Amino acid sequence: MNLKKQFMEGLLTQNPVLVQVLGMCSTMAITTSFFNGLGMGVAVTIILTLSNVIISAIRKIVPDKIRIAMFIVVIAGFVTCVDLLIQAFVPALASSLGVFIPLIVVNCIILGRAESFSYKNGVAASFFDGIFQGIGYTAVLLVMCIIREFLGAGTFGGGLLGVEQKGIQILPSQFPIGVLKLPVGGFLVLAALIAAMQWALAKSKNKEESK
């Protein structure tokens with residue numbers, strides 16, 4: 001188990017959003033405010049980590065033919081628990097994210113890591129894989145939220161800071177690019193981030209090969 005390698009994979013080289021291109025639906029739908037991105041990122045990280053641990057722990061006693069069904073049952077159990085906790089303790093977040101919390105059950109990131117990693121590795125490695133992949137996912141969400149909220153509405157901290165939970169107004173109302181708050185804005189910002197990540201990875205690879 002190489003923690004440094006796992007961390008770098010989750011954050012950069014195998015980032016679930018920018019490299020593996022997983023979880024696109026929630027990534028573009030909820031990244032309109034910092035509050036949404038942080039809430040979704042934390043929820044996915046918790047569910048991913050716990051699911052990885054349980055799936056890894058029982059992988060040797062579950063027949064291969066029903067592994068996908070087993071993945072969904074385990075993930076659905078944790079999603080239900082997290083959804084109820086959010087509704088009980090952070091109702092504003094539950095209202096803001098809406099159906100996207102229950103839809104974590106079929107989030108490709110969690111199912112993908114269950115199939116490609118936790119079903120093939122030990123509990124400890126799967127635990128850290130869940131944390132690091134979750135950190136990578138959350139980092140991308142927060143970057144997208146900041147860009148779309150700041151450039152699209154001219155605010156920061158919507159849901160957390162400011163009067164009436166609209167965030168702190170930074171840019172005058174005539175300057176924001178409103179289209180960035182729309183779904184097409186999510187596509188544009190995500191495309192730019194993916195392009196930047198691929199450029200950075202290609203540059204790093206070429207640099208290593210030239211040594």
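Biologist: Which helix is Ala202 found in?

Modeller: Keep in mind that this is a predicted model. Residues 183–209 form one helix, and Ala202 is found within that run. The helix is H8.

Biologist: Is Ala202 buried, partly exposed or exposed?

Modeller: The relative accessible area of Ala202 comes to 36%. Buried would need under 20% and exposed over 50%. Since 36% sits in between, Ala202 is partly exposed.

Biologist: How far apart are the C-alpha atoms of Ala202 and Arg113?

Modeller: Along the chain, Ala202 and Arg113 are 89 residues apart. In space, their C-alpha atoms are separated by 24 Å.

Biologist: And what separates the C-alpha atoms of Ile109 and Gln20?

Modeller: Ile109 lies in helix H6, residues 108–118. Ile109 and Gln20 are 89 residues apart along the chain. Their C-alpha atoms are separated by 8.7 Å.

Biologist: Which residues does Ile109 touch, leaving out those up to four places away in sequence?

Modeller: Ile109 is buried, with a relative accessible area of 1%. With sequence neighbours up to four places away left out, Ile109 touches Pro16, Leu22, Gly23, Leu48 and Tyr137.

Biologist: How many disulfides does the structure hold?

Modeller: Take Cys145, where the nearest cysteine sulfur, that of Cys25, is 14 Å away. A disulfide needs the sulfur atoms within 2.5 Å, so Cys145 is in none. For the structure, the count is zero.

Biologist: Is Cys145 buried or exposed?

Modeller: Cys81 counts as partly exposed at 44% relative accessibility. For Cys145 the relative accessible area is 0%, and the cut-off for buried is under 20%. So Cys145 is buried.

Notes. Residues numbered from 1 in each chain as written. Predicted model: local features only at pLDDT ≥ 70, side-chain atom pairs only at ≥ 80, totals over all residues. Heavy atoms only, no water. Helix = DSSP H or I, 4+ residues; strand = E, 2+ residues; numbered from the N terminus. Buried < 20%, exposed > 50% of the residue type's maximum accessible area, 1.4 Å probe, protein only. Contact = heavy atoms within 4.5 Å.
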